[in-house]
Amino acid sequence: MAIDFRLNGRAVSFAGDASMPLLWYLRDHAALTGTKFGCGVSACGACTVHVDGRASRSCSLPVRGVAGREVVTIEGLENEGTLHTVQAAWIAEDVPQCGYCQAGQIMAAVDLLRRTPNPTDAEIGAITNLCRCGTYPRIRKAIHRAADALAREGAR
Amino acid sequence: MSAEWPSRRSFLVASASALGGLVVGVRRAWPDEGRGTAPSAKDGTTFDPVQLTAFVRINPDNRVTIGARGLEIGQGVMTSLPMLIAEELDVAWSMVTVEQLGHGLEAGEGGRLRWRYGDQSAGGSTSVSDGWGDLRAAGAQGRWLLRQAAANRWGVDANVLSTREGVVRHPDGREATYGELASTASQLALPESPIPLKSPTEFRIVGTRVGTADARAIVTGRARYGIDATIPGALVAVIERCPWLDGTLRSFDDSAARAIPGVRHVVAIDGPAPGAMITHNIAAGVAVVADDTWAALRGRAALRVEWERSAWSADDSEALERAANEALSHAGTMARSDGDFAAARRSAAREHSARYTVPFLAHATMEPQNCTIALRPDGATVITSTQVPDDVNRLVSELTGLPRTAIEVQLTRAGGGFGRRLRNDFVCEAVKVAQATGKPIKLLWTREEDMTHDFYRPFGVHELRATVDAGRRVTGWSHRVAATSRKFRDPGKVRDPEWVGVCDPDAYPAGVVPNYESEVVTVPFGLPMGWWRGPLHTFGAFATESFIDELAHELGRDAVELRLELIGTASELAYRDHGGPKFEPARLAHVLREAAQRIGWGTASVAGRGKGIACHFTFGGYTAHAMEVSVARGEVTIHRCVCVTDVGQPVNLLGLEAQMMGGTIDGLSTALRLEVTVRDGRVVQRNFPSYRLMRMAQAPDVEVHVVPSTARPVGAGEMGVPSALPCLANAIYAATGKRVRRLPVGGQV
C-alpha cells in the first residue's frame, strides 16, 4: 500500500518498502540530497528534517512513520528563492566549513527558534547535532542573529 | 608527482591546448560550461564569456569568474585560493563568481601528462602556500594581458596604465573595463619574464574577511558532495568488511541477501594479502549491490559470512599499552642526539621524568567514504570525496588499464578530510565492484565501516626526561616514544625514517637545550596507520607541552617563562620535517606571550578555576592556546579559550579564524573523549555513541587572535589543533591539581 504524505509542500506517494528510512527515500527516490547521511543511528543529526514542523532524524524514521504528515527538508526552507532567516544568518556569520552537517544544523535551529524564539546559549546547547569541523561557536552566533532578525520581523 | 608541472608561462597555453588545440585567443567556452548556466544580460542577450587564462573567465559586463582549483574539505580553499587570483588580477571581490574547476590532468607536448591547474590535492596545509606562488602569478598574468590590450587600443606604453577593480585607466582619464578588453587581451602572448606581483601594502582582497564562496549552496542543500553523486544506471553497493584486523574471507552464504527485493549482485572483494602493504582496499569483504541504498543495507544485513582470522586478530589495546611501556626500557632508533644526555644526567642537580599516553584516533569525517564510478571500454567517470584527485585517477588507470587522460575525476566538496581521504581504498573497492558487475556503481560506507576500517592515528607512550642544574636551568632533555609505526604497511612510507609521524626531532627545545635526545621504539600492532590532522603534532605536542608544564611546577618556575627559555633566542633553527626548513623561535615566543597576556596569565582565577597555556610549531605555523577551566562532577567546563596564531600573511581572515576556532574545538573534543581501542583483534568503537565528538553544549567560544604578518603564508587547516590538547590538560591541572598523562581525559577528572 502506498504511503502518502506532503514533501516540501507537494503531495507525494511512495509505493516501495514502507520500512525504508525517510533519509534513503529522500536521497535515493526524491533526489533531495541536501539531507545527509552521517551515522544511521540518530546520533549525529546530519539527516535532520522537519516532520509536522518538528526536527526529526530521518535516518531512523521509516517512511511509514510520515504517512499523512508534512515533511520539510533543507530544500524546502527557502520561500520562492528567498532564504529563510536562519539560512541568511548562517551566511552572515560564515558558519560552514566542510558544510556537510549544516543542513541538519539549520533544520534543528529553525525548530528551536520556533519553540524558543530568544534562546540562551544553554538552550542552544540542547541542539545535539554533531559538527566535526567545530563550527559550534559560529552556529551559536548565527542562531542569536536569526533570533534578533525574527523578532524584528515579528515586530513589523 | 608523476605529472609535469606546467610553468607559470604555460597557464594560458595550457588552457588552449586542453580545449582541442584551439589557437590561443580564439573565443572559447569555459571548460565546464554546461554544468552552470550561461551568463546573460537583462534583455535576454547571451554573451560569450572570454576565457582569459586557465583560471579566469571574463564576461563583457565585467563580471569575472575565477576557477577554484583546490579540493574543499572544509579548510576554505574554495574561497582563499580564488582570492589570491583576484588580488593580482585587480578586480573587486564583489565582481567575482567562484566555480570549482575539474581535475586538470592533460597530455602536454610529447604526450607527457601535466597538471593544467597545478597541484589540486589537499594535505599538509599547503594549498595557500602553494597558491601564494603560482595562483598570484596566474592572476598577474591576466592583469598583464588586460593592461596590454588597453595599451594597444590607445597606442600607449602599458607601464603608464593603472588598474583598479576591473578597470584599466590612463592618466588622461581614458578608461576601459576588463569586460571590454578581455576578447583582445586573450589573443595576446605573455612575456617570457616573470610579471611583478603586488607588495603587501597594495593588497585590497588578501588579508580581508571574505565569506565562504559557495555558502548559499551549502545552506540551501545544493552543494554537491561525493556522496550526492549520481550516474545514470548506477547501482548502490555496500560492503561487509572483515571485522578482524587483516583477516580474510573464508566463505559466505548470500541466499537470504539475494532474496531481498532490489538486490542485484553479491560480490566477494579481496583484501590485502595478510601482512602485505596496503596498496589498494583496506580489507576483504562481501559487496551487496542493489537498486537503492536501503535494499543494499538490508541485503548486507542478511549476509552470513565466515572470516579467517589472522596473526593480528588477537591484538588488544591493553596489551599494547603494556608492551609500549615495557619497550621504553629498550633502546630504539635515535632520531636526534645533541651533546651528551647521559653525562647531563650524571651531573644534574635533579631530574624529572613522566610518561604520556596518546591513543589511536579515527578520522570520523562527517561524510562517510563513498565513490561513484562508471567504467566504459574507452574511459571512466569517477566522483568521490577525496583529498588527492590525481591519485584517484592513477589508481583507476592502474586497475582498469585505461589511459589516465581517459579517466575523468569530478571534484566535489568533501564532508571533511582530516587526512582520511589521502587514501583512496574506497575508490579501489568501487572499481572492483564495477568490474565484477559490469554496472556503474555508487559505493557507500556506513559509519560503522568507516570507524572500524580506518587508517588510524598512531598510538604511543612518550617518556620525557629533563635534567636540571642547581640554578633550576634545564641542561638535558630526552624525548623517547614507544609507538605503533606510522610506516606500518604503508607503501608511501617505506623509505621514510623509523620516526616518521611519531617523533619530531627538531621540535623545541631541540637546538636550545645542549644535551638533547629523541628516540623512537616501534611496537608492533595490526591496525593500519594514517595521517590524522596535524599528524605528528597532535601526537607529540600533548607530551612535550604537558611535560614543560609539569617541569615548571616541579621547579617552582613560571610555565610561560620556562617555555620562553626553552624556545630560546636564536633568530632561526633548522627544521627538517614538513613546515621547515627553518623554525623561527621569536614567532613562537610572540604567540605564547600574546596568549598569556590575553588570558590574564599571572592573575588569580576565581576559586575552582585554573588557567593553562601551551604553544606549538606546526607545518610552518606558530600557535599558542590559553584556557581557563573548571571541573565539577567529572565534567570539564571551558570558561575561556584563547588561540593566538601566526601563519604569516593572512589571506582570508574570516576563514583563518574559522580554521583556528574549528581546530581548537577538534583538539578539545579529541582530548576530552576520543580514542579508538582494539579488543580481540577488532576495533571497539563503531559509531558516534562510542566515539563521542564534542557537541554544542560543551564547545567554548574561541577567542582567536591572528598575528599581523607579511611573511609568506602557510596554511591554517592543521595549526589550530596541537597545542589545544595540552593546554586543556594544563588548565585541568591548575584547576584541580590532577595531572592528566593519558588521553583522552575521559573519566580521569
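This passage walks through two sheets, some helix packing and the contact between two chains.

The structure is a predicted model, in which local features need pLDDT of at least 70 and side-chain atom pairs count only at pLDDT 80 or more, while totals for chains, interfaces and linings use all residues. Residues are numbered from 1 along each chain as its sequence is written, and chains are lettered from A and ligands numbered from 1 in the order in which they are written. Helices (H or I, at least four residues) and strands (E, at least two) are DSSP runs, numbered from the N terminus.

A good place to begin is chain A. An open sheet of 5 strands is found here, with mixed pairing and the order S2-S1-S5-S3-S4; two strands pair if DSSP finds at least two bridges between them. Strand S2 (10-14) and strand S4 (54-57) of chain A are the edge strands, each pairing on one side only. From one strand to the next, the twist averages 40°. Axes are lines fitted to C-alpha atoms, for helices over the stretch in contact, and angles run from 0 to 180 degrees between N-to-C directions.

Strand S1 (residues 3-7) of chain A has two kinds of face: Ile3(A), Phe5(A) and Leu7(A) make up the covered one, and Asp4(A) and Arg6(A) the uncovered one. In a regular strand the side chains alternate between the two faces of the sheet. S1(A) pairs with S2(A) in the antiparallel sense over 5 bridges, and Phe5(A) has Val12(A) in S2(A) as its bridge partner. The hairpin of these two strands, S1(A) and S2(A), has 2 residues between the strands, and Asn8(A) takes a positive phi near 50° there. With S5(A), by contrast, S1(A) pairs in the parallel sense over 2 bridges; here Leu7(A) has Val71(A) as its bridge partner.

Strand S5 (residues 70-72) of chain A also runs antiparallel to strand S3 (residues 48-51) of chain A, joined to S3(A) by 2 bridges. Opposite Val72(A) in S5(A) stands His50(A). Helix H3 (residues 102-115) of chain A lies across S3 and S4 of chain A and runs at about 35° to S3(A), where contact means that the C-beta atoms of two residues, placed from the backbone, lie within 7 Å.

Chain B has an open sheet of 5 strands as well, in the order S15-S23-S22-S21-S16 and with mixed pairing. Strand S15 (333-338) and strand S16 (350-358) of chain B stand at its edges with a single partner strand each, so one side of each is left without a neighbour in the sheet. On average, neighbouring strands of this sheet are turned by 10° against each other, direction ignored. Strand S21 (residues 460-468) and strand S22 (residues 474-483) of chain B run antiparallel and are joined by 9 bridges, with Val468(B) and Val474(B) as bridge partners. H13(B) lies across S16, S21 and S22 of chain B, at about 145° to S16(B).

Helix H13 (535-555) of chain B is also among the elements that cover the buried residues of H14(B), which include helix H15 (585-599) and strand S26 (609-618) of chain B. The buried residues of helix H14 (residues 559-567) of chain B are Ala559(B), Val560(B), Leu562(B), Arg563(B) and Ile567(B). A residue is buried if 20 or more other C-beta atoms lie within 10 Å of its own, exposed if 12 or fewer, and partly exposed in between, with C-beta atoms placed from the backbone. Seen down the axis of H14(B), these residues fall within an arc of 160°, so they line one face of the helix; the arc is that of the directions from the helix axis to the C-beta atoms. Just after H14(B), Gly568(B) has a positive phi of about 80°.

Turning to the contact between the chains, chain B gives 45 residues and chain A gives 44 residues. Helix H5 (215-219), helix H7 (293-301) and helix H16 (653-673) of chain B are the elements that give two or more residues to the side of chain B that touches chain A. H16(B) gives the most to this side, with 6 residues.

Ala671(B) has its place in helix H16 of chain B and counts as buried, with 26 C-beta neighbours inside 10 Å. Ala671(B) lies 75 residues from Gly746(B) in sequence and 8.3 Å from Gly746(B) in space, C-alpha to C-alpha.
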